[in-house]
Structures are given as structure tokens and as C-alpha cells.
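Biologist: Could you take a close look at the aromatic contact in this model and at the buried interior around it? I should like a connected account that a first-year student can follow.

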Amino acid sequence: GRGVRAADVLWGDPVLQENVSFEGAKLNFEVDGAGFWQNHAAAPVTLSALVREFADLKSGETAFDLYAGAGLLTGVLADAVGEKGHVLSVEGSPVTSSNAEKNFARQGISRTERSSKTVIKVVRGDVAKVLRNVSTKPEYRAFARPDVVVLDPSREGAGRQVMEQIDQLDPRAIVYVACDPAALGRDTGYLRELGWSLAKVQGLDMYPCTHHVETIARFERR
């Protein structure tokens, strides 16, 4: 028989309104009820603060947000780089990528006063395929040399290919948000082989009463 879709069992408005305040700014998001948002009520604010700290971006710089979902971290990075900065936001899901496109349109609700003029490019597609295009296609010219790459992959992690592609982009730092320490450990091994070191790491108990731990890690060139 036909499988049950998330949309078939939702009550109320299928589009959710989420709000995140940090650093004197307020981010607003529209998220499809069948899409993805953080499971812990305190997670968006806590993650926003840690990723902003670990990324340590400057005004006018360029940042990547890979596996971006509806754009929580895209909003944080755009606020950090400001009106002269650039953010490339990549997500494979058509649902949450569509949310991000709307949220970060020119007058999108996820832009803060500091990011109202930031160049934000939202791309729906496989991360590895998009990263191949960054260095070859004209539409990515403004994003060809990221200062910081942030990635928040699903439980299986990013894998060797994506780690090698990020290395080739030669960012100043990589900020990896992981929901599985084992996958992070494997990908850390790939980065170490490529000449990166783990500069700092922070664990978050975002999944109470389970063995899962959210981890934020910053990598720098050795």
C-alpha cells in the first residue's frame, strides 16, 4: 500500500514559524512541517552562538553553509559577514531548500539588519556535486574562495570526498557540526591526512536520555 507521508499526519498549519535571538539580532524562519528543525528547544540559540564563535568570521568575508537545512546557520553566518560578505547555502532536500530560498530572498524574514544586503546564494543539490561546480561554473565566481566552511551533515557524516573537496577550497577554517561522534572521528581522520588539526571541540547534550551527542569542532591548517 501507499506509505504514510509526514504531511498526512500533521495538524494545524503545515508551515512552522521559528525564532532565534542572539548577539542583539533576531532571526525568523519559516520551516515546512515535513522538513527539518532542531529537536531540542534550546538547540538553535546554543548552536548559533557556538558556530558564530568557532567560525570567527570578519565583516566582508565569504562563508559556506553545507547541509544547511532551512538555513539556521546560514542566517548566523550572513549576520557575521555583514552587507559586504557572501554566504553559499547548500541543501539537498527540496523541502528545506525551498524554505531557505524563501527565508533568504532579498526581503526574506531570515535576514537581520546586518545581513539585509549580504549576497546569499541558496542552492539545492548534492553537496559533493555543488562543490565540484564552485571552481568551474561562472555563477559561483563570487564564492570560489571561502574563508570559512561550516558543515552540518546527517548522522552518516560528510565522508572522504567532501572532506577532500573542502580541503581543495583552502578555507582558513572548517567548522563541523556533527550529530554522531563516530562519523566526526572518521572525517577528522581524513582532515588530519590532508594537513588539518583539530583546534577545539565542544559537545552538547541535545538528545537527553540517549547515547547521541551533538559536537561542534573547529579545524585549522597545521
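Modeller: Phe104 is buried in this predicted model, with a relative accessible area of 4%. A residue counts as buried when that area is under 20%, so Phe104 meets the condition at 4%. Phe29 is also buried, at 0%. These two residues lead to the aromatic contact. A search of the whole structure finds one aromatic pair. That pair is formed by Phe29 and Phe104, arranged edge-to-face, with 6.5 Å from centre to centre and 70° between the planes. Because Phe29 belongs to strand S2 (residues 25–32) while Phe104 lies in the loop between H3 and strand S5 (119–124), the pair ties together parts that are 75 residues apart in sequence.

Asn103 gives a second view of this region. Asn103 is found in helix H3, which covers residues 94–103, and it is buried at 1% relative accessibility. If residues up to four places away in sequence are left out, Asn103 touches Phe29, Glu30, Ala70, Gly108, Ile109, Ser110 and Arg111. Phe29 thus appears again, as one of the residues that Asn103 touches. Ala70 is also among them, and here a distance can be given: a polar atom of the Asn103 side chain lies 3.4 Å from the backbone oxygen of Ala70.

Let us now follow Phe29 along its strand. S2 is joined to strand S1 (residues 15–22) by eight bridges, and the two strands run antiparallel. One of the bridge partnerships links Phe22 with Ala25 in S2. S1 and S2 form a hairpin that has two residues between them. Glu23 is in the turn and has a positive phi of about 50°.

Which residues have the most contacts inside the largest nonpolar core? They are Phe29, Leu57, Leu77, Val148, Val150, Val175 and Ile216, in a core of 35 residues. The elements giving two or more residues to this core are S1, S2, helix H1 (43–55), helix H2 (72–81), strand S6 (148–151) and strand S7 (173–178). H2 gives the most, with seven residues. As a general background, nonpolar side chains in soluble globular proteins tend to be buried together.

H2 therefore deserves attention, since ten of its ten residues are buried and the helix is largely enclosed by the rest of the structure. The buried residues of H2 include Leu72, Leu73, Val76, Leu77 and Val81, and also Thr74 and Asp79. Just after H2, Gly82 takes a positive phi of about 75°.

Leu77 shows what lies around one of the buried positions of H2. Apart from residues up to four places away in sequence, Leu77 touches Val51, Ala55, Leu57, Ala63, Phe64, Asp65, Val87 and Val150. A second, separate core of 28 residues includes Val90, Val134, Tyr140 and Val149. Tyr140 has a further feature: Lys121 lies over its face, 5.4 Å from the ring centre.

Val148, which lies in strand S6, is another of the residues with the most contacts inside the largest core. Val148 is buried, with a relative accessible area of 0%. Not counting residues up to four places away in sequence, it touches Ala55, Leu57, Thr62, Ala63, Phe64, Pro171, Arg172, Ala173 and Val175. Ala55, Leu57, Ala63 and Phe64 are among these contacts of Val148, and they are also among the contacts of Leu77.

The interior can be set beside two residues that are partly exposed. Asp56 lies in the loop between H1 and strand S3 (62–66) and is partly exposed, with a relative accessible area of 40%. Asp170 lies in the loop between H5 and S7 and is partly exposed as well, at 46%. The phi of Asp56 is positive, near 50°, and that of Asp170 is positive too, near 55°. To place these values in context, most residues other than glycine have a negative phi.

To return to the starting point, Phe104 is buried at 4% and forms an edge-to-face pair with Phe29. Phe29 in turn is one of the residues with the most contacts inside the largest nonpolar core.

Conventions
Residues numbered from 1 in each chain as written. Predicted model: local features only at pLDDT ≥ 70, side-chain atom pairs only at ≥ 80, totals over all residues. Heavy atoms only, no water. Helix = DSSP H or I, 4+ residues; strand = E, 2+ residues; numbered from the N terminus. Buried < 20%, exposed > 50% of the residue type's maximum accessible area, 1.4 Å probe, protein only. Polar contact = N/O pair within 3.5 Å; in protein donor to acceptor, adjacent residues only side chain to side chain. Contact = heavy atoms within 4.5 Å. Phe/Tyr/Trp six-rings, centres within 6.5 Å; stacked < 30°, edge-to-face > 60°. Lys NZ or Arg CZ within 6 Å of the ring centre and 35° of its normal. Pairing = 2+ DSSP bridges. Core = buried A, V, L, I, M, F, W, Y, C linked by side-chain atoms within 4.5 Å.
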